[in-house]
Amino acid sequence: MLFFFLHSVLYKWLNIRSSSNCRNSKRVSMSTSPNTTVILYLISLIILSCTKFVIATNFYRDFNIWWGNGRGSIHDNGKLLMLSLDEYSGSGIQSYREYLFSKIDMQIKLIQGNSAGTVTTFYLASEGDNRDEIDIEFLGNLSGNPYTLHTNMYIKGSGSREQQIHLWFDPTTSFHTYTIIWNPFMIVIYVDGTPIRVFKNWESRGVPYMKELPMRIYASLWNADQWATRGGAIKTNWTEAPFRTWFRNYKARGCLWKNEESCSKAIKHDWYKQKQLDLRNLEMLKWVQRNYMIYNYCNDFNRFPHGLPPECSLDTPT
Ligand SMILES: *[C@@H]1O[C@H](CO)[C@@H](O)[C@H](O)[C@H]1NC(C)=O
Ligand SMILES: *[C@@H]1O[C@H](CO)[C@@H](O)[C@H](O)[C@H]1NC(C)=O
């Protein structure tokens, strides 16, 4: 009886682990013999060899509401997060864990109605002065005017790699999925599965890349009416506060910092191995760039009179 119980527990466990792609789990499950000591031994082996790769899905367990003094709240057993902003403060969360390479999905429903002056963010950042950062920022707008999705890449404290798009849907009426993939070869940002930005590792051509500093996951809502909406011309209308943004179905997969080496060897996921977009995704990226892009630093010759950053000529999809 006990054996069957343990066996089924182990079996479930192995299934879960193999979905997180620990290298040995399949082999182990085949060699499982009807003997509890063997099973327990194997369980401990698996725990030892697989704890470095994590799948995290719960706001309660994985995040600290690190500012906003009660303006952020978690609901629905950790599945739903609300961030709010009023005249006195915004709010934000920070993940407890630090990752070195990860794939993160977040569903977000942005402020409805007049969101001018506000910024909602979802990003990865390391700590300290010379930070690495992969930024997604949603710049609010007057009712009926489109949100701007703004992205940027900071490497060792240096950014100036902004791109902006409008979305092909209204992001305030329902949840949409925003995904960051960060692997050793490239960063891809997706909106509902459509890639909107790729930043490749061009270290071989002298462009720096984010691969040394571990990053935490952040989300926040704050006031940036000095610059956010039409370059700061439109200010936040506080009679409509508090403003609220909703987050749900968060899912992070990745290597925990300090265990990176053993972890990355175990990762067999496509997102981790992927070196470039396939043709279909490349077509989708081009569709976004053709139809929805409103700013690209790589086209801003006035801003870079001495020549565009080197990745601009390397990254251009053909
Ligand atoms: C706001 O709406 C205007 C007019 O449609 C648009 O040009 C602008 O990109 C929108 N977004 C922001 C953040 O200003
Ligand atoms: C701010 O919002 C209120 C309520 O919607 C509106 O009556 C007022 O005209 C707005 N103020 C500005 C400066 O647009």
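Which residues does asparagine 141 touch, not counting residues up to four places away in sequence? Select Asn141 in this predicted model, and then add Ser115, Ala116, Pro146, Tyr147 and Thr229, which are the residues that asparagine 141 touches once those up to four places away in sequence are left out.

Keep Asn141 selected and look at the backbone on either side, where asparagine 141 lies in the loop between strand 8 (133-139) and strand 9 (148-154). Asparagine 141 counts as buried because 23 C-beta neighbours lie inside 10 Å, and a residue needs 20 or more to be called buried. In the unreviewed UniProt entry, the annotation "glycosylation site" covers Asn141.

Next, show ligand 1 and select the residues around it, which are Leu139, Asn141, Asn145, Pro146, Thr148, Ala228, Thr229, Arg230 and Ile294. If you colour this shell by residue type, it divides into 4 nonpolar, 4 polar and 1 charged.

Now move to strand 8, where both glutamate 133 and glutamate 137 are found, and which holds the two positions, Glu133 and Glu137, that the unreviewed UniProt entry annotates as "active site". Are these two glutamates buried or partly exposed? Glutamate 133 is partly exposed, with 18 other C-beta atoms within 10 Å, whereas glutamate 137 is buried, with 20 other C-beta atoms within 10 Å.

Finally, select the partners of each, again leaving aside neighbours within four places in sequence: glutamate 133 touches Tyr123, Leu124, Ala125 and Tyr154, while glutamate 137 is in contact with Val119, Thr121 and His150.

Definitions and conventions:
Residues are numbered from 1 along each chain as its sequence is written. Chains are lettered from A and ligands numbered from 1 in the order in which they are written. This is a predicted model: local features need pLDDT of at least 70, side-chain atom pairs count only at pLDDT 80 or more; totals for chains, interfaces and linings use all residues. UniProt positions are given in the numbering used here, feature names are shortened, and annotations may be inferred rather than shown by experiment. Helices (H or I, at least four residues) and strands (E, at least two) are DSSP runs, numbered from the N terminus. A residue is buried if 20 or more other C-beta atoms lie within 10 Å of its own, exposed if 12 or fewer, and partly exposed in between; C-beta atoms are placed from the backbone. Two residues are in contact if their C-beta atoms, placed from the backbone, lie within 7 Å. A residue is near a molecule or strand if its C-beta atom, placed from the backbone, lies within 6 Å of it. Ala, Val, Leu, Ile, Met, Phe, Trp, Tyr, Cys and Pro count as nonpolar, Asp, Glu, Lys and Arg as charged, and the others, Gly among them, as polar.
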